[in-house]
Every structure is written in structure tokens, then in C-alpha cells.
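Got the viewer open and a selection box ready? Let's take a walk through the salt bridges, with a helix to finish.

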Amino acid sequence: MQEDDTRDQRTLHEISVVVPVYQGEHTLKALADEIAPLTVSHETPGGRLFRVVELLLVHDGAVDQSADVMRQLGSRYPFLRFIWLSRNYGQHPATLAGMASTVAEWVVTLDEDGQQDPRHVGRMLDEALDRRARLVYASPTNSPPHGFVRNWLSQLAKWLSKRVLGGRIGAFNSFRLIEGEVARGVAAYCSADVYLDVALSWVVGTARHCPLALRTERGRPSGYTFRRLLRHFWQLVLTSGTLPLRFIALLGGVSILFGVLGSAFVFWERLQLKIPVQGWTSIFIVTCLFGGLILVSLGVIAEYLGVAVSMAMGKPAYLIVSRPAEDIGRKP
């Protein structure tokens, strides 16, 4: 065992870094400057050797001048690779596009806003190798630099994923270390509208978590509105399995039982106590209750059918093109 550990420490572990770009005009340069020193051999806190062999910037239909900044950085740093998507697909599809294009033994995904420190990659690699894990998430030791409401909703979503939706990987985070074969395999088969961390849970079973501190965002607002966050959460619910459908079935069974018991109670009062049954109010309440329950159930089932239809029709999770949309019509 000691010989294996010594051999592991002598091995140079290569890492690909994937960053989706949507509002990176003012943050990409600082991020590339931080990753540049990691492109030569470094030691992890555990004494293992690693280096970043490529930084893949995935242009996800950015709304600012990120494309120009990417080109400027490309002329300065040879380890940069660019991936242009045909339109804005969202953070997870953009991450999948980057993962599919990697070549290294390990893949790291992180955000463009500077909250996540790429120098922590060494600690995450130690966690993966010590625990023989294919997937390691950053576990923030401090609160994210957002408002109270957004932080609370984010914690609620992760709690629901773990407790209610049957998540097996625990709290997830966009700062991930994934074994390269797993990352490229998931990117190859993952369908549109599938939540990335749910797809990872299908193939790794369990994940490890590495405590890390977050930094403040580098002078740009978050690209997530409340509506987009809600859609993100709904995507998590729909792709987490059939547990929500089972919950609806259980709720329907409880409603039927409630109706049977209520009817028996009213019938007993009518026969034994000669109490007249006033029907209009109770009928109205019961109709609204069960009618709403039926409509909500049908709505959830329809959402599942919509996801299934999108997959059956071959809706792509992303499409890689040779240039961003703003370059159409320009001379090369």
C-alpha cells in the first residue's frame, strides 16, 4: 500500500478546466491569470504532482464583449481553447459542451465570476485520490456573496434534492472535480433538459466534498434572475426521477381515503343523529380541493411528457459552431 502511495505521488496528474462564459468581459482576464501558474507542475497539499493542460472557455451566447476578451487572452496564453455555441443554452449545457471537448485525466468545472479559487484544485485532487472518488464537489465554508433570499432558496433546493428527490451525491456545487472518462461519457449521452448533477449521480453513485472558502464576485452582477433560478430548480425536480410522481400518487390516495372517511361520517350522522346535510358549501370546497389537485397532477405529468418528447425528438443539449453569432458577416 505504501508503494502504491509513493507511485501515486510521483505521477503527474493532468487537469482540464472548463468555464462557461456568459458575462465574462470583466472577469476572464483575472481568471486566466490565476490559472496560468498552474500550467506548470505543482504539488498538492498531499504532495501529489498536477498541472492544468488546458482552459476551455465555452462562449454561451454571451451578452457582453466576452468574445473579444477571449480572443485577446488566446493570443497571450497558448493553453486556452475556445468553444463557441450557436446560442445561449444555459450553464449546464455549456459545461457539458466543454466537458465533451476535454482531453485530460481530470476535469474541473468552475464559474467565470471569480468566487471559486482555481488554486484549490490541488486540495480537491487530494480528496479524490485519497477517497478513490470519481467526483468531488467544493463544499463552501462561508455563505455565498448573494442576498439572503437567494442563498436561502439555494440551500432549500439542495436540501430537497438530497432529502425529497432522493439525491445520492449530497450538496452539489458548480466547482467540481470529475474523472475525465466520467465527464466525457456523461457529456456524450446527456440529453437536453437533464440537470448535470443528476446525470453525474447516475454514474458515480456517491460523491466526496472538499471544504473550501468562496470569494466575492469580481464586480459583476449575477446572470441568474429569480425566474431563471426557478426554472433551474424545476429542471432539477423533473430530471431527479419519478419520486415526484409517486408523491402525487400518494397524495391522490390520501385524498380518496379522506373522501371515503368523510362520506362515511356524514352518512352515519344522517342515519343515527338525524342531522340534515347541507351540501352546497361542502360540495364547493371539495370540488375546488380535488379539482386543483387533479390539475396540478396533470401539470406535473405533462412536464414529464414534455421532457420525454424533447429527448425522443433528438433536441440537442448544445451545438458547437466555429464562431460566435456577432462574427457572422465579418471577414475572417
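Helices here are DSSP runs of H or I with at least four residues, numbered from the N terminus. Keep in mind that you are looking at a predicted model.

**Stop 1: Glu127.** Select residues 121–131, which make up helix α5, and pick out Glu127 within that helix. Is Glu127 buried or exposed? Its relative accessibility is 16%, and the cut-off for buried is under 20%, so Glu127 counts as buried. Now show what surrounds this residue: setting aside neighbours within four places in sequence, Glu127 is in contact with Val136, Arg208 and His209.

Zoom in on Arg208. The side chains of Glu127 and Arg208 form a salt bridge, at 3.3 Å from N to O. Glu127 belongs to helix α5 and Arg208 to strand β8, so this pair ties together parts that are 81 residues apart in sequence. Arg208 itself is partly exposed, with a relative accessible area of 33%.

**Stop 2: Asp130 and Arg48.** Stay on the helix and select Asp130, then add Arg48. Their side chains meet in a salt bridge at 2.6 Å, N to O. Asp130 is in helix α5, while Arg48 sits in the loop between β2 (42–43) and β3 (49–59), so the pair links parts 82 residues apart in sequence. Colour by accessibility and Arg48 comes out as buried, with a relative accessible area of 8%.

**Stop 3: Arg215 and Asp117.** Which side chains should you show next? Try Arg215 and Asp117, which meet in a salt bridge at 3.7 Å, N to O. Arg215 lies in the loop between β8 (208–212) and α9 (226–239), and Asp117 in the loop between β5 (106–109) and α5, so this pair ties together parts that are 98 residues apart in sequence. Arg215 is partly exposed, at 22% relative accessible area, whereas Asp117 counts as buried at 7%.

Before moving on, add Glu34 and Arg119 to the selection: Glu34, Asp117, Arg119 and Arg215 are linked in a network of salt bridges. If you want to keep hunting, the salt-bridge count comes to 14.

**Stop 4: helix α8.** Last, select residues 196–204. How many of the nine residues in helix α8 are buried? Seven are, so the helix is mostly covered. To see them, highlight Leu196, Asp197, Val198, Ala199, Leu200, Ser201 and Val204. Then step to Gly205, which follows α8, and check its backbone: phi is positive there, near 75°.

Conventions. Residues numbered from 1 in each chain as written. Predicted model: local features only at pLDDT ≥ 70, side-chain atom pairs only at ≥ 80, totals over all residues. Heavy atoms only, no water. Helix = DSSP H or I, 4+ residues; strand = E, 2+ residues; numbered from the N terminus. Buried < 20%, exposed > 50% of the residue type's maximum accessible area, 1.4 Å probe, protein only. Contact = heavy atoms within 4.5 Å. Salt bridge = Lys/Arg side-chain N within 4 Å of Asp/Glu carboxyl O.
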